[in-house]
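Hi,

Here is the structure I promised to pass on. Please open it alongside this note.

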Amino acid sequence: MLRQFAAYYKNHWKLFLVDIGCAFLMSSLDLVFPVFIQQLIDQHFPNRDLNMMLRIALILLGLYLLRYFFQYIVHYWGHVVGIRMETDMRSELFTHLQKLSFKFYDNNKVGYLMSRVVNDLNNMSELAHHGPEDIFISSMLLIGAFIILMNMHWQLALITFALIPVMLIFSIKLGEKMYEALKVIREKMAEVNAIVEDSLSGIRVVKSFTNEEYENDKFYEGNHSYRRSREYAMKNMAKFHSGMNLFINLINLITLSAGGYFIYIGSLTTGQMVAFLFYVNMFMDPIKRLVNFNEQFQRGMSGFSRFRELLAVDPEIVDKANAVELKDVDGKIEYKDLTFAYDNQEKVLENINITIEPGKTVAFVGPSGAGKSTLTKLLPRFYEINAGSLSIDGTDIREFKLESLRKNIGIVQQDVFLFNGTVRENIAYGNQNATDEEIIKAAKKANAHQFIINLTNGYDTNIGERGVKLSGGQKQRISIARSFLKNPPILILDEATSSLDNESERIIQESLEKLAEGRTTLVIAHRLSTVINADQIIVLTDDGIVERGRHEQLIKKGGKYAKLYNEEFRTDLAG
Ligand SMILES: Nc1ncnc2c1ncn2[C@@H]1O[C@H](COP(=O)(O)OP(=O)(O)O)[C@@H](O)[C@H]1O
Ligand SMILES: [Mg+2]
C-alpha cells in the first residue's frame, strides 16, 4: 500500500525534494538559535562585548530572514506537491468511473462514490506532504536537540529527556481518542444533514399528513446526539491540550530544579540552563506533529485503500483486442438463442430469437417485469449477454468497438435525464460538433422549437438542475431533439410517452414517428394504440416470447395480444 502511495510522488519528486530540503534547513536553524543565546549569556554579556553582541544580533536577523524564506517554501510548495498528487488521483479515479459498466452503477450509490472522489482524496493532499515532512522535522528536532544537549551537559540532558517518551505515549493515546471523537462528530453531522434534507424535501408530504411533530422529534434526536458527540470531543481536546502543557511545564520544572542543582555545584552555566529551557519549550511542536501524523496517516491510508479498491474494479465491458469499427449500418438486428441474467441470478431472458430487418419497426408488449427494457439494453452492450448471440448486420456486437456501436444507437426513454445547463447544451449532447442551425433543425423536428423560443432566453435558457424548470413533455421533446441530432441508424424507444398527459403524448408520438422513419426501431409501448403500425409485434411475458406477428394477424389469432388489446382498448375508451 505504501509503495503504491509512493508511486504518486513520481511526477512531483523535484518539488518534493525541494520541500524536504527546506524543511531540513528550517529545522537546522531552529536548532542553532538557542546556541547563540547561550553564548551571549555565558560570554558576551559578562564580557560587556558590545561588538560581539551587535554581530550576533545581525547574524540572528539574517538567520531569521532565511528561516522565513524556508518556511514559506515548505508551507507553499509542500502543499502544492500534495495538491498536485491529489489532483492526479482524482483525475485517475474520475476517468476510471467513466469506464465502469451499468452493473457497477446498479450496485453502488452515487452519494458514496461522490464522497470517494471528493472527501477521501481531500485527506490525501495533507498526508502526501505533511506525512514525510512532519516525521522528518519532528525527528530531526528531537534528535538534534538531544545531541546538542548531551554535548552541553549529559546528565541534565538525560533527566530532561526522561519524560519525553511518557509525554509522547500520553499524547498519541489521547490524540487517538480526540480524533476518534472528531470522526463521530462527522458521522453525526452527516446524520443531521440527512434528516434535514429528507424532511425538507418531503415538506409537502409532511404537511399534508400533519406530521410536523414527528419530524421535529426525529430532528431533536439527531441534533442532540450531534451535540453530545461535540461535547465529548471538546472534553478530549481539553484533556489533550491542557495535558500537553502540563507535561511541558513539568519538564521545565524538572530541568529548572535539576539544572539549579548543577549550577549550584558549578557544572552548568546560566547560558546553558537558558538553552536547555529553550529546547524544552520547542518540544511541544514536534510532539504535536507526531500525534497529528498518526491520525493523518490512518485517515489518509484508509481513504487511499478505498481509492485503490475503486480503481481495481474491472470495467467489465471493454473492446476486444481486434475490435472493428461499426459503420455504414444497414440495421439488421438478430437475437439468436440469447440468454441473460443480472448478477447470475434468475434468468431474465432465455433462448430469445428475434430477427429485425433493416429500417423496420418492432414493437415489444407484455407485462411489466417481463424483460422488455432488458432486451433493448443488451443491444448497446450496457450489459453483457450470458449465452447465444446478438448481431448487427450479421456481426456479433462484441466484435465492434464499443464507442462505434453506441454511436449508432439512439435511445429515448421514459426517464429523461437533462444536465444542468442551457437548452442548447442539452440538445447538443446528441452531437457535440453540431452547428446552431443543426440544433434548431433537430428541435423543430422534435416539435420543441416553438416552446424553446418562448422561454425567457430561448435556446440559452438555463433549465435548472435536471431540468426542474421544464414540464415532462418539454423535457421529452428535448431528449428527442437530441436523438434527431445524433441521427443514429438504430433507435430504441422505451415507453417514451408513458409518463405524459394525453395532449403531450399526441405531440410526442408524432415526433417519435418522424424520428423512427428510415431507422431500425425497437419500441416498447405501454399503449397498444402506438404499436398497431409496427412491422412486427412481439409479446414478451415471464415465459419468454409467446406470440409474434403483425397486428391484424395477432388479433385474428385471438391469443394473448388480442386479450391485451381489447382490455387496453376498453380502458382507453373509458379514460
Ligand atoms: N439493473 C438491474 N439489476 C437487476 N435486476 C434488474 C435490473 N433491471 C431490471 N431487473 C429485473 O429484470 C426483470 C426485467 O426487467 P425489465 O427489463 O425492466 O422489464 P420490463 O421492461 O419488461 O418491465 C425484472 O424482474 C427486474 O426486476
Ligand atoms: Mg421497462
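Below is what I found in it, starting with a helix pair and then moving to a sheet.

Keep in mind that this is a predicted model.

Helix pair

Look first at helix 2 (residues 13–44) and helix 9 (residues 270–282). Their axes come within 7 Å and cross at roughly 155°. Angles over 145 degrees count as roughly antiparallel, so helix 2 is roughly antiparallel to helix 9. The crossing is right-handed.

Which residues make the contact? Helix 2 contributes Asp-30, Leu-31, Pro-34, Val-35, Ile-37, Gln-38, Ile-41 and Asp-42. Helix 9 contributes Thr-270, Gly-271, Gln-272, Val-274, Ala-275, Phe-278, Tyr-279 and Met-282. By class, the contact has 10 nonpolar, 4 polar and 2 charged residues.

Sheet

Next, find the open sheet of 4 strands. Its order is 2-1-4-5, and the pairing is antiparallel. Strand 2 (349–356) and strand 5 (395–396) stand at the edges. Each has a single partner strand, so one side of each is left without a neighbour in the sheet.

Strand 1 (residues 333–340) and strand 4 (residues 387–392) run antiparallel and are joined by 5 bridges. To locate this pairing on screen, start at Ile-333: its bridge partner in strand 4 is Ile-392.

Annotated domain

An unreviewed UniProt entry places the feature "domain: ABC transporter" at residues 333–567. In the model, that span is 33% helix and 24% strand. Its end C-alpha atoms lie 31 Å apart.

Best wishes

Notes
Residues are numbered from 1 along each chain as its sequence is written. Chains are lettered from A and ligands numbered from 1 in the order in which they are written. This is a predicted model: local features need pLDDT of at least 70, side-chain atom pairs count only at pLDDT 80 or more; totals for chains, interfaces and linings use all residues. Side-chain values use heavy atoms; hydrogens and water are left out. Axes are lines fitted to C-alpha atoms, for helices over the stretch in contact, and angles run from 0 to 180 degrees between N-to-C directions. Helices (H or I, at least four residues) and strands (E, at least two) are DSSP runs, numbered from the N terminus. Angles under 35 degrees count as roughly parallel, over 145 as roughly antiparallel, 65 to 115 as roughly perpendicular and the rest as oblique. A crossing is left-handed if the near helix is turned anticlockwise from the far one by less than a right angle, and right-handed if clockwise. Contact means heavy atoms within 4.5 Å. Ala, Val, Leu, Ile, Met, Phe, Trp, Tyr, Cys and Pro count as nonpolar, Asp, Glu, Lys and Arg as charged, and the others, Gly among them, as polar. Two strands pair if DSSP finds at least two bridges between them. UniProt positions are given in the numbering used here, feature names are shortened, and annotations may be inferred rather than shown by experiment.
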